[in-house]
Amino acid sequence: MTPDAKDKQILALLQLNARLPTADIARQVHLARSTVQERIKRMEQAGLIEGYAVKLNADLLPKIAIQSRVALSVKASHFNNVIRALELMPEVLSCETVSGQFDLMLKAQTTSPDKHDQLVERIGELNGVERTESSIILREFFKRSI
């Protein structure tokens, strides 16, 4: 499914506020409420909208989290097993394949520098992991979603 201009307007509004009432969306995109509901349902069924999430205000949360990026080189024959093992680690928030000198890029979150070191050690000990390199995120200036 390829979203048309109205679908893109609806998606942009939902990205700003996923709880925005359908009637408000309809007014802003100049469509009937029922048409907007049908479009949203169609985009959900097509998999374009995968779900809805809560966006937390990081400034109001306790500052106990250290986020980092961890790059991994992995033997090809162990690739899927490494991914499955990483998926079981709650500190690993995301895992992506990347181009370049590394095979995987992780986003991780721990509660202290010591916990970060322990996590990187555990990852490095996984069968098939050849090399790790990590960087702690010091400050996030902005974040966009697609």
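Which helices do the buried residues of α1 pack against? Keep that in mind as you open the model; the answer comes at the second stop.

**Before you start**

This is a predicted model, in which local features need pLDDT of at least 70, side-chain atom pairs count only at pLDDT 80 or more, and totals for chains, interfaces and linings use all residues. Residues are numbered from 1 along each chain as its sequence is written, and side-chain values use heavy atoms, with hydrogens and water left out.

**Stop 1: the whole chain**

Show the protein chain as a cartoon and you will find 5 helices and 4 strands. Helices (H or I, at least four residues) and strands (E, at least two) are DSSP runs, numbered from the N terminus. Followed along the sequence, the order is α-α-α-β-α-β-β-α-β. The radius of gyration is 20 Å, well over the 15 Å that the globule rule gives for 146 residues, so the chain is more spread out than a compact globule. That radius is taken over C-alpha atoms, and the rule is 2.2 Å times the number of residues to the power 0.38. Turn the C-alpha trace along its principal axes and it spans about 55 × 40 × 25 Å.

Now switch on the surface. The accessible surface comes to about 10600 Å², and 51% of it belongs to carbon and sulfur atoms; such areas come from the Shrake-Rupley method with a 1.4 Å probe, and for residues only the protein chains shown count as cover. Of the 146 residues, 27% count as buried. Here buried means under 20% relative accessible area, exposed over 50%, and partly exposed in between (1.4 Å probe, protein chains only). If you look at contacts (heavy atoms within 4.5 Å), residues 24 or more positions apart account for 61% of those with a separation of 6 or more.

**Stop 2: helix α1**

Select residues 5–16. This helix, α1, has 12 residues and reaches 17 Å from its first C-alpha to its last, close to the 16 Å expected at 1.5 Å a residue; the expected span is 1.5 Å times one less than the number of residues. Show the side chains of Asp7, Ile10, Leu11, Leu13 and Leu14, the buried residues of α1. Seen down the helix axis, they fall within an arc of 165 degrees, so they line one face of α1. The arc is that of the directions from the helix axis to the C-beta atoms. And here is the answer to the opening question: the buried residues of α1 pack against α2 (22–29) and α3 (33–45).

Turn to the other side of α1, where Ala5, Lys8 and Leu16 are exposed. Alanine 5 has 57% relative accessibility, which is why it counts as exposed. Draw a distance from its C-alpha to that of valine 29, 24 residues away along the chain, and you should read 9.8 Å. Then zoom in on aspartate 4, which caps the N-terminal end of α1: one of its side-chain oxygens lies 3.1 Å from the backbone nitrogen of lysine 6.

**Stop 3: histidine 30**

Move on to the loop between α2 and α3, where histidine 30 is found. Most residues other than glycine have a negative phi. Histidine 30, though not a glycine, has a positive phi of about 60 degrees. Its relative accessibility is 66%, so histidine 30 counts as exposed.

**Stop 4: asparagine 57**

Next, select asparagine 57 in the loop between α3 and β1. This residue is partly exposed, with a relative accessible area of 41%.

**Stop 5: strands β1 and β3**

Serine 73 sits in strand β1 (residues 66–74) and is buried, with a relative accessible area of 9%. Leaving aside residues up to four places away in sequence, its contacts include Phe102, Gly128 and Arg131.

Leucine 104 lies in strand β3, and its relative accessible area is 0%, so leucine 104 is buried. With the same sequence neighbours left out, leucine 104 touches residues including Val70, Phe79, Ile83 and Cys95. For a long view across the model, connect the C-alpha atoms of leucine 104 and valine 36: they are 39 Å apart.

**Stop 6: helix α5**

Finish at residues 113–124, helix α5, whose end C-alpha atoms are 16 Å apart, in agreement with the 16 Å expected for 12 residues. His116, Leu119, Val120 and Ile123 are its buried residues. They cover an arc of only 95 degrees around the axis, which puts them on the same side of α5. Their cover includes β1, α4 (79–87), β2 (92–97), β3 (104–110) and β4 (129–136). Rotate to the other side of α5 and you meet Asp114 and Glu121, both exposed.

Key:
A polar contact is a pair of N or O atoms within 3.5 Å; within protein, one must be able to donate a hydrogen and the other to accept it, and residues adjacent in sequence count only if both atoms are side-chain atoms.
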